[in-house]
Amino acid sequence: MKFVRSSLPIYLGVVGGAVVLLAYFLTPKLLQDLSKWFGEWRMTLAAFALTLGAGNLLRIHANRIRLKRESFAFSYVLIFFLIGYIVLGTFWGRTHPLYSYIFDNAYQPLSATVFSINAFYISTACYRAFRARNLQAAVLLIAGVVVMLGKVGIGYAIWPGFATVTDWIMNVPNSAAMRGINMAAALGALGVSLRVILGLERGHLGGE
Amino acid sequence: MDLAVLGVWIAAFCTLAVYSFLYGDNPVFKFAEHAFVGLAAAHVAVMGIENMRNRAWEPFVAGQWWLLGALIGGVMLLTRWFPSVRWISRIPLGFMMGVAAGMAARRAIESEFWKQIISTAGMKLDTLDNVLYLVIVLCTLSYFLFAFNDRTRFGGAIKSVGVVGQYVMMIAFGASLGATIMARLSLVIARLDFLFRNWLHLLD
Amino acid sequence: MDDFLTRMQNIDRRIIYTVVFIVLAVPMFKPMGLPLKITRETKASYDAIEALPEGALVMFATANAPGTQAELEPQSIAVVKHLMRKNAKIVFNPVAAESPRYCDRYREMMAAAGFEEGVDFIQLPYQAGGETLYVAMGTDLKSAYVMIQPGQYELWDSIDGMQDFDLFVDCGGGETQRWAIGHIEAKYHIPHITLITAVILAVVQPYFTSRQFSGIVSGLNGAAEYEVLAGFPGLAASGMDAQSLGHLWVIFTIVLGNVAYFITKAGKAAKARGGGD
C-alpha cells in the first residue's frame, strides 16, 4: 500500500516524463506513439482537473455557512452563482444565449474590473514606495520613466528622441539582458524538469 | 426593458461595485467579489466538463478504448475533494507532472536555450549595437554563474562582469516596469470607456 | 518643511485614486490629438500579414480573457479585419477557458462580412492542457482534435497538419508564446506573429531579435499602431491620449515622491550631524 501511495506516483512521473523527453531525441515509432498517447491522456486529465477548483470552493464555502463564519451570508451568493452557472452551462451548453449573456454582462466586466484595480495600487506604490535608494534602483526608475515616455504620444510630442531611445532600450539592453535571463531560467527549468523525470522531486505531488 | 440595455446596466453595476473597494470594503463589493469568484470557477468547470465529454467520453463510447486509462485517471483525480481518499489523486497527478516536465524540458532545450545561443553566436559584429548586445548577454549570463570563488582573481573578475550584468538587468526591469504600468492603465481606460460610451452615452 | 513633506508622502490613497480617475477620464472628452509612432515590431507584424497570398491559411490561437481583453481585443479585431481583407482562411483556436467567447465574436464578424463558416473559417473546440495542447498540435494536429468528425468542416478536411499553415497568430498574456515557438515554430518554421499584453513585451523581445517571432503587437499602443497601419481606426487609437496623461501622472508621482524622500532624508542627516556636535 505504501508503494501505491508514495512510490507509484513518482514512477509514473518518471515513465511519462522520460518517454516524452526521449521522443524528442529518438525516432522509433513505438516511442513516438507512446509520447502522443501520454500527451492525449494528460489533456484528458487536465480537463478533469479544471473541475477541481469548483468542487473545492463549494466545500470551503459550505463549511463557512455551516460554521457561520464571518460574512458567511456572501457564501450563499458564491454558491448560488457557482452551481447555477455550472448547471446552465453543462445542460444547456456554453453557447446558450443566457449563458453568453451572463458571461458578457456579469463575468466579463467583473473580471476586467478586478484586474484593472491594480492600476490604482500601482499609482499609490509609485508615489509611496518607488524610491531611488541606491544606484541600481535609480537605473531601474530612469529606464522605466524613459520607456513610459517613449511608448506614448506625449513623450514623442515633448521630445521625439524619447521614442528613439525607448526603441534602443527595448532592442539592445533589454533584449540582450532578457535573453541572458531567459537562458538562465531555461537552465533552471531544465534542472527542475530533470529532477521530476528522475524521480528526485516529490513536492509537486502535494500532501495526502 | 430591452435585454441589451439591461445587460449594459448590469455590467455597469458590476464595474462600479468592484471599484467601490477603492474607497473601502463594503457589502456591495463583497457581493460582487463572491459573484465573480463563483462565476469564474463555474465557467472553468463548464469548459472542463465540455472538454471531458468531447475529448474523452464520446470518443471512448465511439470505440477509442485506449482512452479508458485517462477516464479512470480523471475520476481518480476527483478524489482530491474527499480527505479520506485524497491520496488516490497523487497517482494521476504524478503522471501529469512527469509529462509536463518532459514537455517543458523539450521546449527549454530547443527554443529557449539552443536557438538563443545560435542567434547570439551568429550575430554579425559589424555595428556597435550588435557588439553591445553580445557583451550584455555575456555579462548577464556571468551574473548567474555561482561556481567561482570570488576571492580568487579569476572569480573576482567574473563577479565584476556579473555586476555589469546586474546594472543592465536593472535597465531591462525598468523597461518591464514601464510596460507593466502601461498595461495596467490600459485596463482602467477600457473600463472607463465602457462606462462613458456604452453606459452613459457621453462619448460618440 | 519636514512636517509638510512627511504629510505629503503619507497623503490619503483615495486622493491619489481620484486623481488617476480624473487624469484618465478628461482626455476621453477632450482628445489631444497626440502623435503616434509606429514601432518596428508592429510594422513587421503588419508586413507579415500583407505578404500573405490571397486565401492563405492562418491559425489564430488566442488566450484572450477578461483580464487581458483591454489590450488583446483591439489588437485581435484589427488583425482579424486585416486577414479578412486578404481573404485569408482562418482557424480560430481558443486555448484559454474564457477564449471561446471571444472567438465567437470574431466568427460573427466574419459571417456578417459574408465569409462562410466551415469553408472560410472555423473555430476549434477549447481543450485543456496548456502546453500539452501545443505539443499535440505540433506532433499531429488532426489527432489533437479527435472530436472533429470527417466531413464536419470542409476547411478542416483540407488541412493535413501544421505544415499547411501560412501564418500562425498567437494572442495571449503569458505562457502561450513560449509554447508556440517551442513546439510549433521550432518544428515547422511557420511565420509567427504574436499579440501580447505590454507586461510581457520585455520578456518576448529576444525572440523577435532571434527571428523566432516575425512580429509583435504589444499593448494598447500596439493595437493603436496596427489600427492606423491597417486603416481600421478603433477604440485603441482613441485611448492613447488617456494613456499619455496616465503615464505623465505616474512619472510625476515617482519624481515627487523621490524629491520629498531625498529632502526629508537630507534634513534628518543634517539634524543627526547637528545633534552630534
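Trainee: How many helices and how many strands does the secondary structure of chain A comprise?

Mentor: Helices (H or I, at least four residues) and strands (E, at least two) are DSSP runs, numbered from the N terminus. On that basis, chain A has nine helices and zero strands, and its pattern along the sequence reads α-α-α-α-α-α-α-α-α. This is a predicted model, in which local features need pLDDT of at least 70 and side-chain atom pairs count only at pLDDT 80 or more, while totals for chains, interfaces and linings use all residues. Residues are numbered from 1 along each chain as its sequence is written, and chains are lettered from A and ligands numbered from 1 in the order in which they are written.

Trainee: Why is chain A described as more spread out than a compact globule?

Mentor: The radius of gyration is taken over C-alpha atoms, and the globule rule is 2.2 Å times the number of residues to the power 0.38. For the 208 residues of chain A the rule gives 17 Å, whereas the chain has 25 Å, well over that value, so it is more spread out than a compact globule. Its C-alpha trace spans about 70 × 55 × 35 Å along the principal axes. In chain C, the radius of gyration is 24 Å, against near 19 Å for a compact globule of 277 residues. The C-alpha trace of chain C spans about 90 × 40 × 30 Å along its principal axes.

Trainee: What percentage of the residues of chain A count as buried?

Mentor: C-beta atoms are placed from the backbone, and a residue is buried if 20 or more others lie within 10 Å of its own, exposed if 12 or fewer, and partly exposed in between. In chain A, 47% of the 208 residues count as buried; in chain C, buried residues make up 52% of 277.

Trainee: What share of the contacts in each chain joins residues 24 or more positions apart?

Mentor: A contact requires the C-beta atoms of two residues, placed from the backbone, to lie within 7 Å. Among contacts with a separation of 6 or more, residues 24 or more positions apart account for 26% in chain A. For chain C, 73% of the contacts between residues at least 6 apart join residues at least 24 apart.

Trainee: How many residues does each chain give to the contact between chains A and B?

Mentor: Chain A gives 98 residues and chain B gives 97. Of the side of chain A that touches chain B, α9(A) supplies the largest share, 21 residues. For the classes, Ala, Val, Leu, Ile, Met, Phe, Trp, Tyr, Cys and Pro count as nonpolar, Asp, Glu, Lys and Arg as charged, and the others, Gly among them, as polar. That side of chain A then divides into 66 nonpolar, 24 polar and eight charged residues.

Trainee: Which elements of chain B give two or more residues to the side that touches chain C?

Mentor: The contact itself takes 39 residues from chain B and 42 residues from chain C. The elements of chain B in question are α2 (27-61), α4 (90-121) and α6 (153-199), and α6(B) gives the most, with 17 residues. By class, this side of chain B has 23 nonpolar, ten polar and six charged residues.

Trainee: Which residues touch the most other members of the largest nonpolar core?

Mentor: In soluble globular proteins, nonpolar side chains tend to be buried together. A nonpolar core is a set of buried Ala, Val, Leu, Ile, Met, Phe, Trp, Tyr and Cys residues joined through C-beta atoms within 7 Å. The largest one has 205 residues, of which Leu82(A), Leu110(A), Leu39(B), Ala42(B) and Val169(C) touch the most other members. Its largest share, 20 residues, comes from α6(B). Not counting residues up to four places away in sequence, Val169(C) touches residues including Phe60(C), Ile193(C) and Leu195(C).

Trainee: How do strands β5(C) and β6(C) pair?

Mentor: Two strands pair if DSSP finds at least two bridges between them. Strand β5 (residues 192-196) of chain C pairs with β6(C) in the parallel sense over four bridges, and Ile193(C) stands opposite Gly215(C). The chain crosses between these strands through helix α10 (residues 201-209) of chain C, in a right-handed β-α-β crossover. Right-handed here means that, with the strands pointing away from the viewer, the path from the first strand over the helix to the second runs clockwise. In β6(C), residues 215-218, Gly215(C) and Val217(C) point one way, Ile216(C) and Ser218(C) the other, and all are buried.

Trainee: How many residues of helix α10(C) are buried?

Mentor: Nine of its nine residues are buried, among them Gln205(C) and Thr209(C). Just after this helix, Arg211(C) takes a positive phi of about 65 degrees.
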